[in-house]
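The following exercises concern ligand contacts and nonpolar packing. Please attempt each task before reading its solution.

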Amino acid sequence: MKENILVIGSNGQIGTELVTALRNTYGNTQVIACDIRKPDYEYLNAGPFELANVLDTARLKELFEQYKPTQVYLLAALLSATGEQNPKLAWDLNMNGLLSVLDLALAYKTVKVYWPSSIAVFGPNSPKTQTPQYCTMDPNTVYGFSKQAGERWCEYYFHKYNLDVRSIRYPGLISWKAAPGGGTTDYAIHIFHEALKQGHYSSFLSAHTELPMMYMDDAIRGTLELMDAPSQNLRIRSSYNFAGVSFTPEILGAEINKHIPEFKLDYTANDPRQLIADTWPGSIDDTYAQEDWHWKPEYDLAKMTTAMLTNLKK
Ligand SMILES: NC(=O)c1ccc[n+]([C@@H]2O[C@H](COP(=O)([O-])OP(=O)(O)OC[C@H]3O[C@@H](n4cnc5c(N)ncnc54)[C@H](O)[C@@H]3O)[C@@H](O)[C@H]2O)c1
């Protein structure tokens, strides 16, 4: 089947890499990038690009009418830290953007929809270590509970309307191609830039704050593997737990020191992102992803650190 793939929110940290990966697989003209702002990256111009606000339903409908997408990836969202600065907008964008896309996907018979959730769906009373797929979930950020509600809607559209929606709870994603979009795990990207530029970084998270993370190459590969998996193998229609590597700022700093011995790491106090991080898991149990679509990460801490430093030096 000839695919037409619409990626909404294509210019962010994930979209810039996902669009390229999809174009490599399906061809440049088959992947339509779409964002509320023009692309900063020349390679996004390699194929079609549409300027659109996901909350403008009429404009979104035009795009579905024009392209009749067989697959839609919805990446437009406000992230955890930015969401706390504008909670109502975060709720509106994260929730109504999703509902519009689900409805248009049904109306235009889109075959598959991808929508990312996050480890932010967990909260202070969720188990901290090897957090399981099913457990107490009491997120206390608007980002977290918008993702939790989004998961419920995805599962609902699957069961009620037979819409093939697939989703992953991404951990903090580490990448070098595009800047991160304002999340609680962004320190783990800034640290590499500053280690190379200044030889010094002040982490906004404390030394022992362990969080689940993943190198972007793994995240993109995992996403495409989930989208390629046979529908009948997928037991989770809310969103899959998805694990890469867990570490603290102190452990990451020590790994960077193996490459840059003079690198110095210190910590700033009282950052609001610490309060968010304190409610999130330290590590994730992703047994369902391993069993259902054979998920296996390739990047451990050492390999990710080498990849980040090598690519950023270029
Ligand atoms: N990056 C991570 O570490 C991470 C972790 C967990 C989940 N996620 C999820 O993955 C998705 C993508 O994340 P990201 O890191 O690429 O985010 P990002 O902020 O880097 O990119 C989001 C993109 O959406 C666009 N956008 C914002 N409002 C829009 C609107 N109204 N209409 C159309 N486009 C709009 C932005 O211009 C931006 O290019 C989000 O749903 C996010 O919650 C990301």
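**Exercise 1.** In this predicted model, determine which residues around the ligand come nearest.

*Solution.* Start with the residues that have a heavy atom within 4 Å of the ligand. There are 26 residues around the ligand, and Gln13, Asp35, Asn53, Tyr143 and Lys147 come nearest.

**Exercise 2.** Identify polar contacts of the ligand oxygen atoms with Gln13, Asp35 and Lys147, and state how much of the ligand the protein buries.

*Solution.* The cut-off for a pair of N or O atoms is 3.5 Å.
1. For Gln13, a polar backbone atom is 2.8 Å from a ligand oxygen atom.
2. For Asp35, the contact is made by a polar side-chain atom, at 2.6 Å from an oxygen atom of the ligand.
3. For Lys147, an N or O atom of the side chain is 2.8 Å from an oxygen atom of the ligand.
4. The ligand taken alone exposes 830 Å², of which the protein buries 92%.

**Exercise 3.** Describe the largest nonpolar core and the contacts of Leu252.

*Solution.*
1. The largest nonpolar core has 35 residues; Ile174, Tyr187, Phe192, Phe247, Leu252, Ile256 and Met304 touch the most other members.
2. Elements that each supply at least two residues include α6 (187–197), α8 (249–259) and α11 (301–313), as well as the strands β11 (211–215) and β13 (245–247). The largest share, six residues, comes from α6.
3. Leaving out residues up to four places away in sequence, Leu252 touches Tyr187, Ala188, Ile191, Phe192, Phe247, Leu301, Met304 and Thr305.
4. A second core, separate from this one, has 30 residues, among them Ile5, Tyr73, Phe242 and Trp293.

How values were computed. Residues numbered from 1 in each chain as written. Predicted model: local features only at pLDDT ≥ 70, side-chain atom pairs only at ≥ 80, totals over all residues. Heavy atoms only, no water. Core = buried A, V, L, I, M, F, W, Y, C linked by side-chain atoms within 4.5 Å. Buried < 20%, exposed > 50% of the residue type's maximum accessible area, 1.4 Å probe, protein only. Helix = DSSP H or I, 4+ residues; strand = E, 2+ residues; numbered from the N terminus. Contact = heavy atoms within 4.5 Å. Polar contact = N/O pair within 3.5 Å; in protein donor to acceptor, adjacent residues only side chain to side chain. Areas by Shrake-Rupley, 256 points an atom, 1.4 Å probe, with all protein chains shown as cover.
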